[in-house]
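Dear colleague,

Please find the structure below, together with its sequence. My notes on it follow directly after.

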Protein chains: 2
Amino acid sequence: MVPLGARSYSIAIGAGLLNDGARWQEAVGSRRVLIVTDDIVAGYYLDRLTETLGDAIEPCVLPAGEAHKTLATAGRVWNRLMDARLARDDLLIALGGGVVGDIAGFAAACYQRGIDYLQVPTTLIAQVDSAVGGKTGVNHPLGKNMIGAFHQPAAVIADIGTLATLPAAEYRAGLAEIIKYGVIADAEFFAWLETHLDALLEQDQAALAHAVGRSCAIKAAIVAADEHEHGRRALLNLGHTFGHAIETGLGHGHWRHGEAVAAGMVMAADFAARLGLMERRDVTRLRDWLIRAGLPTWAPAELQAERILELMAGDKKVRGGRLRLVLPHGIGNAETTADFDRDALGRMLIEGPPDA
Amino acid sequence: MVPLGARSYSIAIGAGLLNDGARWQEAVGSRRVLIVTDDIVAGYYLDRLTETLGDAIEPCVLPAGEAHKTLATAGRVWNRLMDARLARDDLLIALGGGVVGDIAGFAAACYQRGIDYLQVPTTLIAQVDSAVGGKTGVNHPLGKNMIGAFHQPAAVIADIGTLATLPAAEYRAGLAEIIKYGVIADAEFFAWLETHLDALLEQDQAALAHAVGRSCAIKAAIVAADEHEHGRRALLNLGHTFGHAIETGLGHGHWRHGEAVAAGMVMAADFAARLGLMERRDVTRLRDWLIRAGLPTWAPAELQAERILELMAGDKKVRGGRLRLVLPHGIGNAETTADFDRDALGRMLIEGPPDA
């Protein structure tokens, strides 16, 4: 449950939920429904969901991929909504990964100034992160997620069975966002993840359900405390300022978002250790876990320190002209700060990753 | 003041406010500002505002007119915001009529998931209606205002001196929205409007300030009670379901919105009288006032009853398949209802306006 007063909503997590007719009946009721998905997810799960729903209208199948997360694609969803004459009290369903969820959520946010939608995430990163919290939007040619809205879903239904068809690298990228919750908010969860990584890598359903559930619970608590990111919600961006610089510097699509976040978290942790905020051995614990998960732990050598700094300065999270960073204070705690030595950051980027 | 908790905002009304440097300093502070306006309003008031503001960035001047209230035009504003690298805590100013306010407000709502904006309305209809209440949006080829957001302005600054340059027909169209407030919520204000119409037609500044102020106060109270139009806010749509049918039936741009609302209000009042909800002499008071203001009081004869009914059934305010109408219950009170005899409505449309 994400407790947001009148806009509170439930998060259902489990294997086989796409086939759970009673649950869908409860979520949909007698409303008309437009399913928005992409052409990859549609091949796996669209028929299953439409069968469970019964008589849905012709779904809106978008081209897959971040390159299509544009205003023009949102426009396609609005065209379908208008063609189908969906009313204010009807329902949109976002079936897919983060890109589908962001576009469809944004389309729902702005159609007739906001209609209900369900997040039905089918990737790990969407199940533990993007489907929860109501951030929706599309990219602008000059910046990611620059056009969007806060619009909470009416419910999240995460069928962890769908992760079986996810490419292995996509799955591992999602693990980065899971360990993030341990770092910023829950040392016990971090320790659990250390002992259960192998089970997660094998997609053990019980371990997966616990990891997704705990991740969603931590995110829900943070979102409930700061829905519109005026404060604490920024902690969810641990590793993202470094990570976005990597993604932009390499050109989007070269590294997965979760991979860039993995590297960014270690960079943030290393910087925190340099500032005396975190013990070196905790940096190593984080780094070791990510290595075991098959994820990168530093920006690629081809990105020069100066270029990374320049890209970080252009980040959306810069406020009042000052670069702000989320830095871990040990495991289980983090703070946002703009009060640090820019030169020290530069030195770290020049010196590169510490030896393991 | 529109009381909406943390999103409460003030409404300043007066002559010469565009030159009131202290007020603008207070509203803007040290933030960077992008002014959005159209190419007609820019000719009259852009220099005045930029002088008052001091160093503003290059404004975004849109082509004037409802035909440009599109997603593509909102895209132009986002391009300017991105080019100028405005940050989340910077400010947008909507200088102009309802179209500019709706587009610019929508652009502010979605830029980085919402930045502050000021409504600076320069038409009567914008000053008494569209600038207050946070409804923003653009048209879709298949429907008006179908893509949009609720996004309250940070403040409304209405310089009634700008109305001097408004075409007379535009000014009169705005009067329709003013008398609407009397009908739905304030019999005393209605009576005041009956005795002060000549002063308003002459743009007597004191009378105008009172009429705009009272209209905004009524709208603010209704919006505060029901920001997202789940109930009472729908009363503001008195005359609009008939009115939209007229606008769409004639083709947009043939009648002004306020003209269609004027006719729609009389039609709603006439229907209310037929249902026994309103005394016939109160319908006549409303009709006489609108005639004195130079406004139409019934749909044009060229629109057939069947066509009007068909267009009304397609209105956005139809919920759960049932047509809902706002009907006055005398002067100073109105209710929304879906519980009326469709055949009686058809008969009224066929019979046409009552003799005066």
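The notes below treat the interface, the relation of the copies, and selected side-chain pairs.

This is a predicted model, in which local features need pLDDT of at least 70, side-chain atom pairs count only at pLDDT 80 or more, and totals for chains, interfaces and linings use all residues. Residues are numbered from 1 along each chain as its sequence is written, chains are lettered from A and ligands numbered from 1 in the order in which they are written, and side-chain values use heavy atoms, with hydrogens and water left out.

**Interface**

Chain A and chain B each bring 30 residues to the contact (heavy atoms within 4.5 Å). About 2900 Å² is buried between the two chains, and carbon and sulfur atoms give 56% of that area; buried area is the accessible area (1.4 Å probe) that two parts lose on being put together, summed over both. On the side of chain A, the residues that lose the most area to chain B are Met82(A), Arg88(A) and Arg113(A), together 28% of what that side buries.

Arg88(A) also forms a salt bridge with Glu229(B), the closest N and O atoms being 3.8 Å apart. The term denotes a side-chain nitrogen of Lys or Arg within 4 Å of a carboxyl oxygen of Asp or Glu. Two salt bridges are counted between chain A and chain B.

The elements of chain A that give two or more residues to this side are helix 3 (71-83), helix 4 (98-110), strand 6 (135-140) and strand 7 (143-150); helices (H or I, at least four residues) and strands (E, at least two) are DSSP runs, numbered from the N terminus. Strand 7 of chain A gives the most, with seven residues.

**Relation of the copies**

Chain A can be laid on chain B with an RMSD of 0.0 Å by a turn of 180° and a shift of 0.0 Å along the axis (least squares on the C-alpha atoms of residues with pLDDT of at least 70 in both). The two copies are therefore related as by a two-fold rotation axis. Because 100% of the interface residues of chain A are also interface residues in chain B, the copies meet through the same surface.

**Salt bridges over all chains**

The structure holds 42 salt bridges over all chains. One of them joins Lys69(A) and Asp102(A), whose closest N and O atoms are 2.7 Å apart. This pair links distant parts of the chain, 33 residues apart: Lys69(A) is in the loop between strand 3 (60-62) and helix 3 of chain A, and Asp102(A) is in helix 4 of chain A.

With kind regards
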